[in-house]
Amino acid sequence: MPAAAPRIRLFSSDLDGTLIGNPESAHRFHTVWSALPRNRRPLLVYNSGRLVDDVRRLVDEGELPAPDYVIGGVGTEIYDWNAGKELKDFYKHLAHGWDLKKIRAVMTRVDGVRPQPAEFLNDYKSSWFLDNATGERLDEIRRALATAGLHVNLVYSSQRDLDVVPHAATKGGTLRWLMDRLGIPAHEVLVAGDTGNDSSMFLVPGVNGIIPDNAMPELLEATVAVTCFQSPEIMADGVLDGLRYFGVIRERPSPAATGLPIESMEPRYRMLFSGEHLAGLTSDDKQLLRTAYERALVAVRKNITPLGFSACSLDDNTVTGTDANYRSVWARDGAVTLTSLLAIDDADIRAACLQTLETLLGSISPTGQIPANVRIDDGVPDYAGVGNICSIDSGLWVIIAFHNYIARTGDMELLERSFERIQRAMNWLSAHDSNNDGLLEVPEAGDWTDLFGRSYNVLYDEVLWFRANICFGRLLEMRGDFVRAADYLRWARHIRARVLEVFWPSTAPRDSSSSPASFAERQFSLGDTHYLIAEVTPFAFNWRCDVLGNVLAFLTNLLDIDRARQAFDFMWGVGVNQPWPVSNLYPVVQSGDPDWRAYYTVNLLNLPHHYHNGGLWPFIGGMWVRFVRRLGFHDVACRELVRLAEANRLGRHGEWEFNEWIHGQTGRPMGKAYQAWSAASFIRACHELEADPDHLDRED
């Protein structure tokens with residue numbers, strides 16, 4: 001809580017992606033808000049792109065508690081809930097420069113726009129769909145409207161929704177009108193939102209703000225110089241976290257204590273999940289998780305070396321030949337490991353996190369390349385992997401991990417001391433976008449799948465590139481460099497639009513005003529998919545589902561929850577979590593397939609269901625558990641966590657080896673024992689599900 005928590009008299013929140021979207025967290029908000037004494041809780045204002053009648057339906061169906069006011073239609077209508085009437089005097093100042101008929105005439109001439117259904121429209125809101133519009137494209141539309149003599153606002157959000165509203169009508173403008181009417185000063189107002197059309201609320205001078213972790217880059221860009229509470233939780237859980245921070249509620253409730261009843265789950269998911277997956281944790285399950293957590297800490301500590309975290313325990317694995325490179329601090333392994341352990345304040349683990357960053361950043365090349373690894377025995381960096389191919393994702397992971405470490409620890413001295421090297425790493429990575437389209441061009445086998453033939457635009461790397469730009473922008477923001485921070489956040493927005501355009505095939509009409517369709521894009525017209533595809537090149541594309549890439553896309557907020565649910569439906573349906581969570585690829589590449597490479601037989605590593613070719617990876621399993629939880633399936637995530645614990649208990653020589661990878665068909669461990677990121681990813685999943693020993697003991 002801030003040193004002097006403001007007295008909050010009015011709370012104005014967006015709905016979609018903020019209070020609703022995750023049914024379980026929305027249920028928690030409803031429960032907590034309804035329990036507040038009426039004389040102690042602030043006025044509740046829903047400030048949404050939805051119209052008032054749609055909001056009324058959500059309240060009537062019990063998804064939301066009753067508000068005091070509704071600002072609907074992106075600030076174009078306002079309704080007094082308790083009085084049961086619109087505030088008619090609000091509409092007097094909307095009419096200037098507004099001509100709905102003329103607006104429709106202009107917009108229907110804009111290539112690529114499609115009208116939204118009538119239920120999303122009113123007399124002061126003209127709404128359209130326009131996919132992945134650039135800033136330049138939106139400026140063209142603004143000029144066309146201005147040329148027609150229209151004095152209006154253009155509001156674009158979620159890379160799809162385009163609203164034309166009166167100049168005086170925005171979420172923030174209408175909120176200010178209501179604040180003036182009620183006589184509530186800005187410092188007694190709290191707002192929450194997640195997309196660009198919420199930014200005007202945060203820009204009302206003096207208000208307090210909550211930004212949940214799933215916020216889109218356009219909101220981060222707009223609020224870069226505004227002090228807000230930024231929660232590590234998503235949607236309504238992030239809002240509850242902020243309400244606790246500002247003293248509106250005393251504590252954020254536990255997911256285990258406020259779960260959504262099974263009968264309230266969507267029917268399709270009640271059919272998708274067996275009763276077992278919807279069951280709570282038994283006493284035996286909890287004991288297994290306690291044991292697994294403690295053994296995971298043992299495995300992590302086996303990887304602490306003077307240079308930081310090794311990839312696997314040096315004392316428990318025999319390494320010969322090329323396996324000698326396991327005796328290294330690896331950039332990707334170390335970055336994932338340290339990020340996963342930031343919730344642990346133990347001195348030895350925190351010191352190893354810092355030393356991992358120091359080792360990797362200390363070996364950055366003059367041009368900004370982060371080494372793939374640094375050898376522990378002699379401190380010599382290696383900038384290339386198998387086949388002397390550079391590692392693209394090493395720098396991506398280190399930038400992300402560095403930001404996460406600074407955000408957690410507040411170590412501004414480290415930020416200042418290391419910033420020039422982080423900037424160099426960003427410059428080196430940017431040079432791999434040789435055509436300046438927002439996507440990196442990755443050499444074959446140039447990322448974590450270093451014996452697997454993916455190249456050019458590779459989903460996994462592009463997702464990390466999106467996140468790296470967000471993280472670097474936030475680092476600039478911490479340093480007070482708001483102009484450059486906004487530039488990087490704006491570029492992250494562009495990267496996200498490109499990833500969704502390129503990697504989410506669709507037969508929907510294409511905006512012909514953008515760049516000409518590529519070969520791969522023309523092939524997309526053959527069908528639609530329900531996940532982000534693995535790879536696109538100028539001359540081909542790969543329809544396979546990169547499980548890690550899709551999971552990361554949601555965890556990094558590149559995928560919205562609707563697309564993430566589609567991807568989950570597919571992955572769950574084909575069984576990527578069988579026999580254990582979770583396979584890295586579906587379907588596997590078979591000999592004779594056009595994607596097959598002769599070198600997949602090197603060391604017999606990438607045969608079907610082996611290693612990167614559909615092997616089961618516990619570190620991805622930990623991310624999968626967090627992915628399921630983020631979707632609003634807490635009990636399902638808990639069951640998957642138990643299964644992941646059982647997988648980590650397996651061993652080639654003894655129990656609790658936290659093995660590197662597991663055969664995709666036999667379910668038997670095949671890799672190195674005591675793999676750091678396998679153990680660390682499990683620990684992070686436990687913390688996010690509140691299934692770590694501290695929380696489990698509290699429940700008991």
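In this predicted model, the sulfur of Cys471 is 16 Å from the closest cysteine sulfur, which belongs to Cys353. That is too far for a bond. Cys471 is also buried, and its relative accessible area is 0%. A second cysteine tells a similar story. The sulfur of Cys686 has its closest cysteine sulfur in Cys638, 9.5 Å away, which is again too far for a bond. Cys686 counts as buried as well, at 0% relative accessibility. A disulfide needs two cysteine sulfur atoms within 2.5 Å. By this rule, the count of disulfides is zero.

Attention turns next to the nonpolar interior. The largest nonpolar core holds 174 residues. Within this core, Phe568, Trp624, Phe627 and Phe682 touch the most other members. Helix 15 gives the most to the core, contributing 12 residues. A second core, separate from the largest one, has 31 residues. Among its members are Trp33, Tyr46, Leu58 and Val239. In soluble globular proteins, nonpolar side chains tend to be buried together.

The surroundings of Trp624 can be listed in detail. Leaving aside residues up to four places away in sequence, Trp624 touches Val551, Phe568, Met571, Trp572, Val576, Asn577, Pro581, Val582 and Glu640. One of these contacts, Val551, is a buried residue of helix 18.

Helix 18 spans residues 547-555. Nine of its nine residues are buried, so the helix is largely enclosed by the rest of the structure. The buried residues are Val547, Leu548, Gly549, Asn550, Val551, Leu552, Ala553, Phe554 and Leu555. What do the buried residues of helix 18 pack against? Four of the partners are helices: helix 13 (392-409), helix 15 (459-478), helix 19 (561-574) and helix 20 (618-630). The others are strand 20 (541-546) and strand 21 (585-586). At the N-terminal end, helix 18 is capped by Asp546. A side-chain oxygen of Asp546 lies 3.2 Å from the backbone nitrogen of Leu548. Just after the helix, Asn557 takes a positive phi of about 75 degrees.

Several loops also carry backbone features of note. The loop between helix 19 and strand 21 contains Pro579 and Val582. The peptide bond from Gln578 to Pro579 is cis, with omega near 0 degrees. The bond from Pro581 to Val582 is cis too, and its omega is near 10 degrees. Both Pro581 and Val582 are among the contacts of Trp624.

Positive phi values appear in two further loops. His609 sits in the loop between strand 21 and helix 20. Its phi is near 75 degrees, a positive value in a residue other than glycine. Is His609 buried or exposed? The cut-off for burial is under 20% relative accessible area. His609 has 19%, so it is buried. Trp656 is found in the loop between helix 21 (634-649) and helix 22 (676-688). Although Trp656 is not a glycine, it has a positive phi of about 60 degrees. Trp656 counts as buried, at 4% relative accessibility.

The strands remain to be described. One open sheet has four strands in the order 6-7-9-8, with antiparallel pairing. Strand 6 (114-115) and strand 8 (152-157) stand at the edges. Each has a single partner strand, so one side of each is left without a neighbour in the sheet. Strand 8 is joined to strand 9 (residues 161-166) by six bridges, and the two run antiparallel. Across this pairing, Val152 stands opposite Pro166 in strand 9. Helix 4 (residues 135-147) lies across strand 8 and strand 9. The helix runs at about 160 degrees to strand 8.

Strand 11 (residues 208-211) shows a parallel arrangement instead. Three bridges join strand 10 (residues 189-192) to strand 11, and these two run parallel. Here the bridge partner of Leu190 is Asn208. Strand 11 also pairs with strand 12 (residues 229-230), over two bridges and in the parallel sense. In this second pairing, Ile210 stands opposite Phe229. Which residues cover the two faces of strand 11 in burial terms? Asn208 and Ile210 are buried on one side, and Gly209 and Ile211 are buried on the other. Both faces of strand 11 are therefore covered.

Technical notes
Residues are numbered from 1 along each chain as its sequence is written. This is a predicted model: local features need pLDDT of at least 70, side-chain atom pairs count only at pLDDT 80 or more; totals for chains, interfaces and linings use all residues. Side-chain values use heavy atoms; hydrogens and water are left out. Two strands pair if DSSP finds at least two bridges between them. Contact means heavy atoms within 4.5 Å. Axes are lines fitted to C-alpha atoms, for helices over the stretch in contact, and angles run from 0 to 180 degrees between N-to-C directions. Buried means under 20% relative accessible area, exposed over 50%, partly exposed in between (1.4 Å probe, protein chains only). A polar contact is a pair of N or O atoms within 3.5 Å; within protein, one must be able to donate a hydrogen and the other to accept it, and residues adjacent in sequence count only if both atoms are side-chain atoms. A nonpolar core is a set of buried Ala, Val, Leu, Ile, Met, Phe, Trp, Tyr and Cys residues joined through side-chain atoms within 4.5 Å.
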